[in-house]
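Here is a colleague's note for a student who is meeting this structure for the first time. Please keep the sequence and the view open while reading the points in order.

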Amino acid sequence: MKTITILLLIASVALNVCFFAGCRSLHDAVYGNLCMYGATPPATDSGKSELVRIAGLLGIKTSGKSASDLSSDIRYKLDRSIDVPNAYDAKAFDEMKQRLNPKQEEKIQEYQRFISDLQGKRVIVIEPEQ
């Protein structure tokens, strides 16, 4: 009886080691698909092509650059700090509205609303090349 218990204990330990180690044949027999530990993912170029697409949107030249170069150029472009102008305080805004004609007042209200919406947000400015 002790022999059977010891053999079952050894088999159980061996089975657990195989599961934790990612034994491919055991994993495939149990789950019927490739083991994530033994299989290598297929090589794709989607990472670089996505970086090229993003770099194009930001106006970064992509010819002859590696994925690492593109990544650092994109990071540099996005990490530059842009200062959002402050919105007018209520008192200054009311004084300004009194001095303007209705058309100018409408434009200033649009500006105030736009600037107020930008407060606390990250702004990415894409400057056109000349």
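1. A helix, as the word is used in this note, is a DSSP run of type H or I with at least four residues, and helices are numbered from the N terminus. Ala67 has its place in helix H4 by that reckoning, and please keep in mind from the start that the model is a predicted one.

2. On the overall build, the chain contains six helices and zero strands, and read from the N terminus its elements follow the order α-α-α-α-α-α. Of the 130 residues in the chain, 11% are buried, where buried means a relative accessible area under 20%. The chain exposes about 10,700 Å², and 58% of that is supplied by carbon and sulfur atoms. Among contacts in the chain with a separation of 6 or more, 35% join residues that are 24 or more positions apart.

3. Which residues make up the largest nonpolar core? It consists of six residues, namely Ala55, Leu58, Ile60, Leu70, Ile74 and Leu78. Helix H3 (46-58) and helix H4 (67-79) each contribute at least two residues to this core, and H4 gives the most, with three. In soluble globular proteins, nonpolar side chains tend to be buried together.

4. Ala55 deserves a separate look within that core, and once residues up to four places away in sequence are set aside, Ala55 touches Ile60, Thr62, Leu70 and Ile74.

5. Returning to Ala67, its contacts beyond four places in sequence are with Lys48 and Leu51. Ala67 and Leu51 are 16 residues apart in sequence, while their C-alpha atoms are 7.0 Å apart in space. Is Ala67 buried, exposed or partly exposed? Its relative accessibility is 30%, so Ala67 counts as partly exposed.

6. Lys77 also lies in helix H4, and its side chain reaches the backbone oxygen of Leu58 at 3.3 Å. When neighbours within four places in sequence are left aside, Lys77 is in contact with Leu58 and Ile60, and both of these residues belong to the largest nonpolar core.

7. How many salt bridges does the structure hold? There are two salt bridges, and one of them joins the side chains of Glu50 and Arg53, with 2.6 Å from N to O. Because Glu50 and Arg53 are three residues apart in helix H3, about one helical turn separates them. Glu50 counts as partly exposed at 35% relative accessibility, and Arg53 counts as partly exposed at 46%.

8. The side chains of Asp73 and Lys65 also meet in a salt bridge, with 2.5 Å from N to O. Asp73 is partly exposed, with a relative accessible area of 24%, and Lys65 counts as partly exposed at 25% relative accessibility. Side chains of opposite charge can pair when their charged atoms come close.

9. Finally, please look at the surface, where Leu9, Val13 and Val17 form a nonpolar patch whose accessible area together is about 280 Å². Val13 lies in helix H1, which covers residues 2-21, and Val13 is partly exposed, with a relative accessible area of 46%.

Note on methods
Residues are numbered from 1 along each chain as its sequence is written. This is a predicted model: local features need pLDDT of at least 70, side-chain atom pairs count only at pLDDT 80 or more; totals for chains, interfaces and linings use all residues. Side-chain values use heavy atoms; hydrogens and water are left out. A nonpolar core is a set of buried Ala, Val, Leu, Ile, Met, Phe, Trp, Tyr and Cys residues joined through side-chain atoms within 4.5 Å. Buried means under 20% relative accessible area, exposed over 50%, partly exposed in between (1.4 Å probe, protein chains only). Contact means heavy atoms within 4.5 Å. Patches are made of residues with over 30% relative accessible area and no salt bridge: like charges are joined within 9 Å, nonpolar side chains (Val, Leu, Ile, Met, Phe, Trp, Tyr) within 5 Å. Accessible areas come from the Shrake-Rupley method with a 1.4 Å probe; for residues, only the protein chains shown count as cover. A salt bridge is a side-chain nitrogen of Lys or Arg within 4 Å of a carboxyl oxygen of Asp or Glu. A polar contact is a pair of N or O atoms within 3.5 Å; within protein, one must be able to donate a hydrogen and the other to accept it, and residues adjacent in sequence count only if both atoms are side-chain atoms.
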